[in-house]
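I opened this model to look up strand pairing, backbone exceptions and enclosed space. My entries follow in the order in which I made them.

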Amino acid sequence: MDHRTKEALRYLGYGRNPGEERTLELIRQSFEELEGLREERIVWRREPVTVREPDQVETAGMDIRSRGLARNLKGCREVILAAATLGTRTDLLLRRYSRTDMTRAVILQACAAARLEEYLDAWQEERKKELEEEGLYLRPRFSPGYGDFSIHHQKALLQRLEAPKRIGLTMTDGYMLTPSKSVTALVGISLEETACHRQGCESCGKIDCAYRRE
């Protein structure tokens, strides 16, 4: 079983269970449909950052109070602001299935989440290689709404990145991103190499989460 299928099963709440044959077939079909859309886009920029423990982070005109983010960025002098989306066609496909086949819609939701993470991981791997030439390393991605990093900072990130104009990524009055399969994040740039440069369960203290990786 490949990594993306395992991730889709995790988003579906299967944990380490392998999943039924019918579910695996729908996952395969869903990834094929998503691959056919090929509308994913990303915008990003490097910014200086100041971290004052225990919970203050200043970057790109934002004064962020978050212990989790401050811990993640400890020792960093720069940070990457990033915003990525799978695009509007994914949302249209999800809406279509939600009206005609709810089982497929649920599975497509999980596959789209896994696809977005896969896309971001590939992008981050490229940045990792570029920064290593400067003797720099990446920290795990950290997004608004994650831990105590307030989702209200979503607006400032989108504005700083000009995401609405550049990749068509906006947000609702409730700070939810649209298209829905989208994400914003901060990625620390460090002089010291850490164990894992990707976001994930390794950087989360919620050990009782149903979606936690083993």
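**Strand pairing.** I looked up the partner of threonine 50 and found that it stands opposite glutamate 58 in S2. The model is predicted, and I read each entry with that in mind. Strand S1, residues 41-52, and strand S2, residues 56-59, run antiparallel and are joined by four bridges. The connection between S1 and S2 is a hairpin of three residues.

I then followed S2 to its other pairing. S2 and S3 are antiparallel, with four bridges between them. Here valine 57 has isoleucine 64 of S3 as its bridge partner. The hairpin of S2 and S3 has two residues between the strands, and alanine 60 there takes a positive phi near 50 degrees.

I noted the two faces of S3, residues 62-65. Met62 and Ile64 form its covered face, while Asp63 and Arg65 form the uncovered one. In a regular strand, side chains alternate between the two faces of the sheet.

I returned to S1 for its pairing with S4, residues 78-85. Eight bridges hold S1 and S4 in an antiparallel pair. Tryptophan 44 has alanine 82 in S4 as its bridge partner.

**Peptide bonds and phi.** I searched next for backbone exceptions. Most peptide bonds are trans, and most residues other than glycine have a negative phi. The bond joining glutamate 53 and proline 54 is cis, with omega about 10 degrees. Proline 54 belongs to the loop between S1 and S2. A cis bond also runs from threonine 178 to proline 179, where omega is near 5 degrees. I placed proline 179 in the loop between strand S7 (177-178) and strand S8 (182-190).

Tyrosine 175 is not a glycine, yet its phi is positive, near 70 degrees. Tyrosine 175 lies in the loop between strand S6 (170-171) and S7, and it counts as partly exposed because its relative accessibility is 24%. I recorded arginine 38 as well, with a positive phi of about 45 degrees. Arginine 38 sits in the loop between H2 and S1; at 52% relative accessibility, it counts as exposed.

**Helix H6.** Which residues of helix H6 are buried? For residues 154-161, I listed Gln154, Leu157, Leu158 and Leu161. Seen down the axis of H6, these buried residues fall within an arc of 95 degrees, so they line one face of the helix. Glutamate 162 follows H6 and has a positive phi near 55 degrees.

**Enclosed space.** Rolling a probe the size of a water molecule over the atoms shows where empty space is left. I found one cavity of 30 Å³ or more. The largest cavity holds about 40 Å³ of space. Its lining consists of Leu34, Leu37, Arg38, Glu39, Glu40, Leu86, Thr90 and Arg115. By class, I recorded three nonpolar, one polar and four charged residues in this lining.

I checked glutamate 39 separately. It is in the loop between helix H2 (21-37) and S1, and at 25% relative accessibility it counts as partly exposed.

**Cysteines.** How many disulfides does a search of the whole structure find? I found zero. Cysteine 76 counts as buried because its relative accessibility is 6%, and cysteine 111 counts as buried at 0%. As a final entry, I recorded 15 Å between the C-alpha atoms of glutamate 39 and cysteine 111, which are 72 residues apart along the chain.

How values were computed
Residues are numbered from 1 along each chain as its sequence is written. This is a predicted model: local features need pLDDT of at least 70, side-chain atom pairs count only at pLDDT 80 or more; totals for chains, interfaces and linings use all residues. Side-chain values use heavy atoms; hydrogens and water are left out. On a 1 Å grid over the protein atoms alone, a cavity is a set of points where a 1.4 Å probe fits but cannot get out, and a pocket is an open set with protein on both sides within 12 Å along at least five of seven lines; lining residues have an atom within 4 Å of a point. Grid points are joined across faces, edges and corners, and a volume is the space filled by probe spheres set on the points. Ala, Val, Leu, Ile, Met, Phe, Trp, Tyr, Cys and Pro count as nonpolar, Asp, Glu, Lys and Arg as charged, and the others, Gly among them, as polar. A disulfide is a pair of cysteine sulfur atoms within 2.5 Å. Buried means under 20% relative accessible area, exposed over 50%, partly exposed in between (1.4 Å probe, protein chains only). The arc is that of the directions from the helix axis to the C-beta atoms. Two strands pair if DSSP finds at least two bridges between them.
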